[in-house]
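Welcome! Take a moment to look over the chain and turn the model around. The notes below will walk you through it step by step.

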Amino acid sequence: MGRVTERRKVIRIRDGHVSERPDTLVAEEPLEIRLNGRPLAITMRTPGDDFALAAGFLVSEGVLGAADELQSIVYCAGATAEGSNTYNVVDVRTAPGVVIPDITLERNVYTTSSCGLCGKASLDAVRTTARFPIADTPPVRLGVELLAVLPDRLRAAQRVFDRTGGLHAAALFSEEGELLDVREDVGRHNAVDKLVGRALQEGRLPLSRAVLLVSGRASFELAQKAVMAGIPVLAAVSAPSSLAVDLAAETGLTLIGFLRGSSMNVYAGEHRVAPRAAAAQG
């Protein structure tokens with residue numbers, strides 16, 4: 001297993017003073033995901049929680065939706081020409097009878113730590129049919145006061161970020177604001193996959209009463225991952241993309257951007273957000 005952080009020499013310049021010192025950097029290595037022995041995707045990720053990452057990726061692809069559909073995940077031995085195990089290749093085996101969607105077999109996907117899935121043929125190819133329609137009954141109801149404190153709770157849980165300053169994070173919160181799980185990675189999409197994959201492995205899908213908070217922006221892909229996991233609320237500390245807003249409106253996802261203290265923009269699913277005045281009247 002690769003290290004989460006690595007040390008490198010850096011020349012530090014401060015107010016004209018030059019010094020040499022070691023610096024702690026977040027590790028970034030490729031992970032090849034194979035499905036039933038066949039190469040499927042390569043992503044650049046921070047090592048750690050690789051099995052959860054692979055499982056979560058397959059949830060977003062519509063391959064997995066329940067723990068009993070997952071037979072095994074293993075690191076592939078002999079991943080190099082010399083036969084050594086790099087711990088950078090995993091093979092996911094589905095349980096007998098699991099139907100594999102054509103989308104996973106028609107393409108090999110290279111994903112990067114910055115943009116996530118790339119090379120999708122068209123918008124229609126990305127709109128994977130969700131197994132878990134967002135139908136939280138009664139709807140999750142979040143006050144602005146609760147939403148306002150979530151970014152600080154996420155930041156406080158980012159242990160590796162404190163050492164490197166170079167990681168994104170994703171966290172799951174309960175509707176009462178309790179931190180349920182948090183993962184860090186060089187890619188936001190990987191951090192979300194690690195959260196969703198752990199939930200799959202523990203039999204907790206769909207996450208129909210959870211709030212997903214991500215550092216940075218909310219892309220179409222992150223909105224899709226939330227929908228595929230049955231998550232009703234996605235919040236981000238930065239802006240969403242136009243496609244993320246469109247997908248949220250189509251699926252019933254509540255999408256919140258620019259969540260910074262008591263300020264936020266609600267782009268879709270506003271029925272789950274209780275403004276202060278409305279909350280007081282209710």
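Two rings of Phe, Tyr or Trp count as an aromatic pair if their centres lie within 6.5 Å; planes under 30 degrees apart are called stacked, those over 60 edge-to-face, and the rest tilted. With that in hand, we can start on this predicted model, which holds two aromatic pairs.

**The aromatic cluster**

| Pair | Centre to centre | Angle between planes | Kind |
|---|---|---|---|
| Phe51 and Tyr75 | 4.8 Å | 40° | tilted |
| Tyr75 and Tyr87 | 5.0 Å | 80° | edge-to-face |

Where do Phe51 and Tyr75 sit in the chain? Phe51 belongs to helix α1, which covers residues 50–60, and Tyr75 to strand β5, residues 70–75. They are 24 residues apart, and their pair links distant parts of the chain. The pair of Tyr75 and Tyr87 also links distant parts of the chain, with 12 residues from one to the other. Here Tyr75 in strand β5 meets Tyr87 in the loop between β5 and β6, where β6 spans 89–94. Through these ring pairs, Phe51, Tyr75 and Tyr87 are joined into a cluster.

Why is Phe51 called partly exposed? Its relative accessible area is 27%, and the partly exposed class lies between the 20% and 50% limits. Tyr87 is partly exposed too, because its relative accessibility is 35%.

**The protein as a whole**

Now step back for a wider view. The protein has 282 residues, and 51% of them count as buried. Its secondary structure consists of nine helices and 16 strands. The accessible surface comes to about 13000 Å², with 51% of that belonging to carbon and sulfur atoms. Among contacts with a separation of 6 or more, 53% are between residues 24 or more positions apart.

**Inside: the nonpolar cores**

In soluble globular proteins, nonpolar side chains tend to be buried together. Which residues have the most contacts inside the largest nonpolar core? They are Leu205, Leu212 and Leu234, in a core of 53 residues. Leaving aside residues up to four places away in sequence, Leu205 touches Val59, Gly65, Phe132, Val196, Ala199, Leu200 and Ala229. Apart from the largest core lies another one of 19 residues, including Phe173, Val233, Met264 and Val273.

**A covered helix**

Is helix α7, residues 220–228, mostly covered or mostly open? It is mostly covered, as nine of its nine residues are buried. Those buried in α7 include Phe220, Leu222, Ala223, Ala226, Val227 and Met228, and also Glu221, Gln224 and Lys225. Just after α7 comes Gly230, which takes a positive phi of about 75°.

**At the surface**

Let us finish on the outside. Ile11, Ile13 and Val18 form a nonpolar patch on the surface, and together they have about 290 Å² of accessible area. Ile11 is found in strand β1, which runs over residues 5–14. Because its relative accessibility is 46%, Ile11 counts as partly exposed.

Ile11 also brings us to Ser19, a residue of strand β2, residues 17–26. Which residues does Ser19 touch, not counting those up to four places away in sequence? Its contacts are Val10, Ile11 and Arg12. Ser19 counts as partly exposed, because its relative accessibility is 28%.

Methods:
Residues are numbered from 1 along each chain as its sequence is written. This is a predicted model: local features need pLDDT of at least 70, side-chain atom pairs count only at pLDDT 80 or more; totals for chains, interfaces and linings use all residues. Side-chain values use heavy atoms; hydrogens and water are left out. A nonpolar core is a set of buried Ala, Val, Leu, Ile, Met, Phe, Trp, Tyr and Cys residues joined through side-chain atoms within 4.5 Å. Buried means under 20% relative accessible area, exposed over 50%, partly exposed in between (1.4 Å probe, protein chains only). Contact means heavy atoms within 4.5 Å. Rings of Phe, Tyr and Trp (its six-membered ring) pair if their centres lie within 6.5 Å; planes under 30 degrees apart count as stacked, over 60 as edge-to-face and the rest as tilted. Helices (H or I, at least four residues) and strands (E, at least two) are DSSP runs, numbered from the N terminus. Patches are made of residues with over 30% relative accessible area and no salt bridge: like charges are joined within 9 Å, nonpolar side chains (Val, Leu, Ile, Met, Phe, Trp, Tyr) within 5 Å. Accessible areas come from the Shrake-Rupley method with a 1.4 Å probe; for residues, only the protein chains shown count as cover. A salt bridge is a side-chain nitrogen of Lys or Arg within 4 Å of a carboxyl oxygen of Asp or Glu.
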